[in-house]
Amino acid sequence: MENDVLLNGVRITTELPGPNAKKIMAEDEKYLATSTKSLPVVAYRGQGCYIEDVDDNVFLDFSSGISTTNIGYGNEYVISKVQEQLHKLWHFAGTDFYYSEQVEAAKALIGVSPGSHDKKVFYANSGAESNEASLKLARSYTKRPQFIGFIGGFHGRTMGALSFTASQPVHHEGFFPEMAGVTHIPFPDPYRNPFNIDGYEEPEDLTNAAIDYLEDYVFGKFLPSNDVAAILVEPIQGEGGYIVPPMDFHKKLMELAHDNEILYIMDEVQTGFGRTGYFFASEYFGVDPDIMSVAKSIASGIPMGASVVKSKYNFEKSGLHSNTFGGNLLASVSSRATIEEIKNKNMVENARKVGDYLNKRLHELQEKYDNIGDVRGLGLMQAIDFVKNRKTKAHFRGLRDKTIENAYKNGLILLGAGESAIRFIPPLIVNEKQIDEAIDILDNSIKKAL
Ligand SMILES: Cc1ncc(COP(=O)(O)O)c(C=O)c1O
């Protein structure tokens, strides 16, 4: 009942940030060792697509806890399942012992994974940790030391995952040397084509340029392909700017990988669980990755990550890899219930339908503002890219940042991506009316920022 207040739309009652928010932020600065805060939103509670802050302001959240609360806030079914488990038992070492909840969560996850369901799950606690497990599996299975990653990619910040992350230099400042054996190649970005093909005609030309680069310049010049264990790649680059490669890219790259007995690891940490209008974006690209890293929305915010692997790539020896909390009881129960909710409430279909509507509304804004150079995305993973000039496509970071700040002051939570893009990742239960509400705020925010 109380939560109904939250479902009535945006309500901003104080100057932002409000007095209670300011107090908490000051203490946060004193007691927490963080380096990545972007907006002064101090959350108190959430419902559906809305977040209420500690000063009674209500925001429309188009960040979903960075693509983690795909099912929205306060989902009653997931709450009831987690509560029930909390009273029975909330932790027991799944590393050494057994419980059915982890098995049931794995069955549910395999059931919605792309391609063949002859798969196994290794549970971790975050996206970075899932990638660590995926990389170790690939090394251990192939007995090869080298890897391929992508410029603009993001895979987390632990030392192994960080070695692949290549979206901002600051992520690496003072941290070298990292994991050895990672070669980065350019990602086929259709908007800012890194291969300098003058006026390429078809998306396939871009795919071929990327594949040729790997074959001719990397395997052909310095890296023997039979030393490469795996390619780690996001289906759509997330932190790097919401870059959707040509549709045939992953299929062709995976074919090249397999021709060389190299494993294909798809990092679906940000794209997974219905976000793109597919349960996993791999389906859109028509690939069944050998290993898939997932996290974020897997358990709706109870920390969890997983590597979903074709059965033959299991860790073969006792003691090879493990962790204390992976597949924790609350996370397992939450994950299974989350997957059920996404299916039962047709959230994947909604992501596709409302995502198309969002894309259309963003294109309308592009017609209005010359500084919106590009609108791109899949499902409810959309972005706009601000440019100083449509011809040069020079990044307009200042306008992007000011727009996000203005939107926050008017009750819309947004996040940047890449150098000059804003990402739009509302919960998958968002409706067209809420998209209109967001677009109105966005429109005013851009107008004011110019
Ligand atoms: C594609 C991708 N992989 C990995 C990660 C790292 O996940 P975590 O922050 O849970 O370690 C992220 C986080 O944004 C991501 O977007």
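Trainee: How far is a nitrogen atom of the ligand from a polar backbone atom of Phe-154?
Mentor: First, this is a predicted model: local features need pLDDT of at least 70, side-chain atom pairs count only at pLDDT 80 or more, and totals for chains, interfaces and linings use all residues. Residues are numbered from 1 along each chain as its sequence is written, and side-chain values use heavy atoms, with hydrogens and water left out. The ligand nitrogen and the polar backbone atom of Phe-154 are separated by 3.4 Å.

Trainee: Which residue has a side-chain N or O atom 3.2 Å from an oxygen atom of the ligand?
Mentor: Do not confuse it with Gly-127, where a polar backbone atom lies 2.8 Å from a ligand oxygen. The side-chain N or O atom at 3.2 Å from a ligand oxygen belongs to Lys-296.

Trainee: How much of the ligand's accessible area does the protein cover?
Mentor: Start from the ligand on its own, with 390 Å² of accessible area. Areas come from the Shrake-Rupley method with a 1.4 Å probe; for residues, only the protein chains shown count as cover. The share of the ligand's area that the protein covers is 82%.

Trainee: Which element gives the largest share of the shell around the ligand?
Mentor: The shell has 13 residues (each with a heavy atom within 4 Å). Gly-127, Ala-128, Asp-267, Gln-270 and Lys-296 come nearest. Three residues of the shell come from one helix (a DSSP run of H or I, at least four residues; a strand is a run of E, at least two; both are numbered from the N terminus). That helix spans residues 127-142 and is α5.

Trainee: By class, how many residues of the ligand shell are charged?
Mentor: Ala, Val, Leu, Ile, Met, Phe, Trp, Tyr, Cys and Pro count as nonpolar, Asp, Glu, Lys and Arg as charged, and the others, Gly among them, as polar. Three shell residues are nonpolar and six are polar. The number of charged ones is four.

Trainee: Is Gln-270 buried or exposed?
Mentor: Gln-270 sits in the loop between β8 (263-267) and α9 (281-284). The classes are buried under 20% relative accessible area, exposed over 50%, and partly exposed in between (1.4 Å probe, protein chains only). Because its relative accessible area is 9%, Gln-270 is buried.

Trainee: Which side chain joins that of Gln-270 in a polar contact of 2.7 Å?
Mentor: Contacts of Gln-270 (heavy atoms within 4.5 Å), leaving aside neighbours within four places in sequence, include Ile-66, Glu-239, Tyr-242, Lys-296 and Arg-423. A polar contact is a pair of N or O atoms within 3.5 Å; within protein, one must be able to donate a hydrogen and the other to accept it, and residues adjacent in sequence count only if both atoms are side-chain atoms. At 2.7 Å, the side-chain partner of Gln-270 is Tyr-242.

Trainee: What phi does Tyr-242 have?
Mentor: Most residues other than glycine have a negative phi. Tyr-242 lies in the loop between β7 (228-233) and α8 (249-259), and is buried because its relative accessible area is 1%. Its phi is positive, at about 55°.

Trainee: Is Lys-143 buried or exposed?
Mentor: Lys-143 also has a positive phi, of about 60°, though not a glycine. It belongs to the loop between α5 and β5 (146-150). Its relative accessibility is 65%, so Lys-143 counts as exposed.

Trainee: What is the order of the open sheet of four strands?
Mentor: Two strands pair if DSSP finds at least two bridges between them. The pairing in this sheet is mixed. Its edge strands, each pairing on one side only, are β1 (43-47) and β13 (412-413). The order is β1-β2-β3-β13.

Trainee: Which residue of β13 is the bridge partner of Asp-61?
Mentor: Strand β3 (residues 58-61) runs parallel to β13, joined by two bridges. On β3, Phe-59 and Asp-61 point one way, Val-58 and Leu-60 the other, and all are buried. Across in β13, the partner of Asp-61 is Ile-413.

Trainee: Which residue stands opposite Val-58 of β3?
Mentor: Strand β2 (residues 50-53) pairs with β3 in the antiparallel sense, over three bridges. Their hairpin has four residues between the strands, and Asp-56 there takes a positive phi near 70°. Opposite Val-58 stands Glu-52.

Trainee: Which residue's side chain joins that of Thr-14 in a polar contact of 2.9 Å?
Mentor: Thr-14 is in the segment before α1 (19-31). Beyond residues up to four places away in sequence, it touches Asp-55 and Asn-57. The side chain at 2.9 Å is that of Asn-57.

Trainee: What is omega for the peptide bond from Leu-16 to Pro-17?
Mentor: Most peptide bonds are trans. Pro-17 lies in the segment before α1. The bond from Leu-16 to Pro-17 is cis, with omega near -10°.
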